[in-house]
Every structure is written in structure tokens, then in C-alpha cells.
Amino acid sequence: MKNNVRRITDGAMIVAIMGLLTVIDGQSGMLLDGLLFWFIPIPIVLYTVKYSLSDGIIIAVSTTLLSFIISLPHLAVLMGFSSIIGLAYGYGINKKKSMTTTLSLTFVATLIYYLLSMVVFAKFFGYDPVAETQQIIQFFEEMLSGVSG
């Protein structure tokens, strides 16, 4: 019983702190936006290491839902994606995986974070990342052919 109360209290404190950071970010005109996503995984990692992956998922989902309620949608989406990184790293440490495995899991989670955010925001803002990449490649090919040619 005591452990369960502690688990709920720790989770509620993490969600409240993350909510506070989200509100401060929103009230400061998104000044913390770039730094915030480096700090989001840390409480998720700590909670997942202390308890379990399933408990960490509950906190990650709660934090994301709270962000949808009190902030802009893009911040909530990025908070959910950042929580994936914290869950992956916390899982590796909780299950006592080797450092190589833990960092590989974190790398894959980070890759998923970047791909999901690129796809979601590309659809939202209406641009084609493949066409943009092709234009960049074409620009550099023309630039290199002009220099060497």
C-alpha cells in the first residue's frame, strides 16, 4: 500500500512539474521551446527506472494529455514524442540492459521522434520533405558542377 501511494505521488509530481514547465514556456513566448525537449525525457527516465515501463507509459501519456489541455498542440505533440526517448532509455536501465543496447534503444527512439515529428508537421504545414530534399540535392549538384566545370 505504501509503495503504491509513493508511486502515485511521484507520478503526480512529475506530471505537475512538466505541466508547470509547459505553462512557463507558453507564458514566456516559447522561449524555452528549444531547451524544453532536452529536459522532458529526464523525469520520464527517472520514473521508468524507479518503477517500470508500464508505469512510465502512464506518466508519459498523462503529461502529453495535460500538455494538450494547457498549451499549444505542437508543444503537446513534441512532448509526447520526447517522452518516447525517456521511456526507451528508462527501460534499458530498468531492465539492466548493456549500455550498447540501452543507447541503441535510445537512438532508435530518437530516430522515431524525428521521423514522426517531420511527418506530422509536414502534413500539418503542407510541405513535401522528399521534394525539399531533392531540391537541396539538385542545388548542390549545380553548385559543384559550376565550381568544377
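## Salt bridges

A salt bridge here is a side-chain nitrogen of Lys or Arg within 4 Å of a carboxyl oxygen of Asp or Glu. Asp10 and Lys50 fit that description, because their side chains meet with N and O 3.1 Å apart, inside the 4 Å limit. Keep in mind that this is a predicted model. Asp10 sits in helix α1 and Lys50 in helix α3, so this pair links parts of the chain that are 40 residues apart in sequence. How exposed are the two ends? Lys50 is partly exposed, at 48% relative accessibility, while Asp10 is buried, with a relative accessible area of 12%.

Asp10 has another partner in Arg6, with the closest N and O atoms 3.3 Å apart. That one is a local affair: Arg6 and Asp10 are 4 residues apart in helix α1, which puts about one helical turn between them. Arg6 counts as partly exposed, at 47% relative accessibility. Put the pieces together and Arg6, Asp10 and Lys50 form one network, joined by salt bridges that share partners.

How many salt bridges does the structure hold? There are 3, and one of them joins the side chains of Arg7 and Asp55 at 2.7 Å, N to O. Arg7 belongs to helix α1 and Asp55 to helix α4, so here the tie is between parts 48 residues apart in sequence. Arg7 is partly exposed at 24% relative accessibility, whereas Asp55 is buried at 12%. As for the chemistry, side chains of opposite charge can pair when their charged atoms come close.

## Helix α4

Helix α4 covers residues 53–70. With 18 residues, α4 reaches 26 Å from its first C-alpha to its last, close to the 26 Å expected at 1.5 Å a residue. Which residues of α4 are buried? They are Asp55, Gly56, Ile59, Ala60, Thr63, Thr64 and Ser67. Their cover includes α1, α3 and α5.

Ile59 is a good one to click on. Leaving out residues up to four places away in sequence, Ile59 touches Gly11, Ile14, Val15, Ile44 and Tyr47. Val61 is also in α4, but Val61 is partly exposed, with a relative accessible area of 44%. From Val61 to Val15 the C-alpha to C-alpha distance is 9.6 Å, although the two are 46 residues apart in sequence.

## The nonpolar core

The largest nonpolar core has 22 residues, and those with the most contacts inside it are Phe37, Ile40, Ile59, Leu78 and Tyr113. Which elements give two or more residues to this core? They are α1 (2–27), α2 (33–39), α3 (41–50), α4, α5 (73–94) and α6. The biggest giver is α5, with 8 residues.

## Helix α5 and what follows

What length does α5 have, end to end? Its 22 residues reach 31 Å from first C-alpha to last, close to the 32 Å expected at 1.5 Å a residue. Just after α5, have a look at Lys96, which takes a positive phi of about 55 degrees.

## Helix α6 and its nonpolar patch

Helix α6 runs over residues 99–125. Is Thr102, one of the residues in α6, buried or exposed? Thr102 is buried, with a relative accessible area of 2%. Setting aside neighbours within four places in sequence, Thr102 is in contact with Tyr89, Gly92, Ile93 and Lys97.

Leu116 is in α6 too, but at 34% relative accessibility Leu116 counts as partly exposed. Leu116 helps to make a nonpolar surface patch of about 1,100 Å². The others in the patch are Phe107, Val108, Leu111, Ile112, Leu115, Met118, Val119, Phe124, Phe125 and Tyr127. Why can Leu116 be part of a patch at all? Patch residues need over 30% relative accessible area, and Leu116 gets there because its value is 34%.

Technical notes. Residues numbered from 1 in each chain as written. Predicted model: local features only at pLDDT ≥ 70, side-chain atom pairs only at ≥ 80, totals over all residues. Heavy atoms only, no water. Patch = residues over 30% accessible without salt bridge, like charges linked within 9 Å, V, L, I, M, F, W, Y side chains within 5 Å. Areas by Shrake-Rupley, 256 points an atom, 1.4 Å probe, with all protein chains shown as cover. Buried < 20%, exposed > 50% of the residue type's maximum accessible area, 1.4 Å probe, protein only. Core = buried A, V, L, I, M, F, W, Y, C linked by side-chain atoms within 4.5 Å. Contact = heavy atoms within 4.5 Å. Expected span 1.5 Å × (residues − 1).
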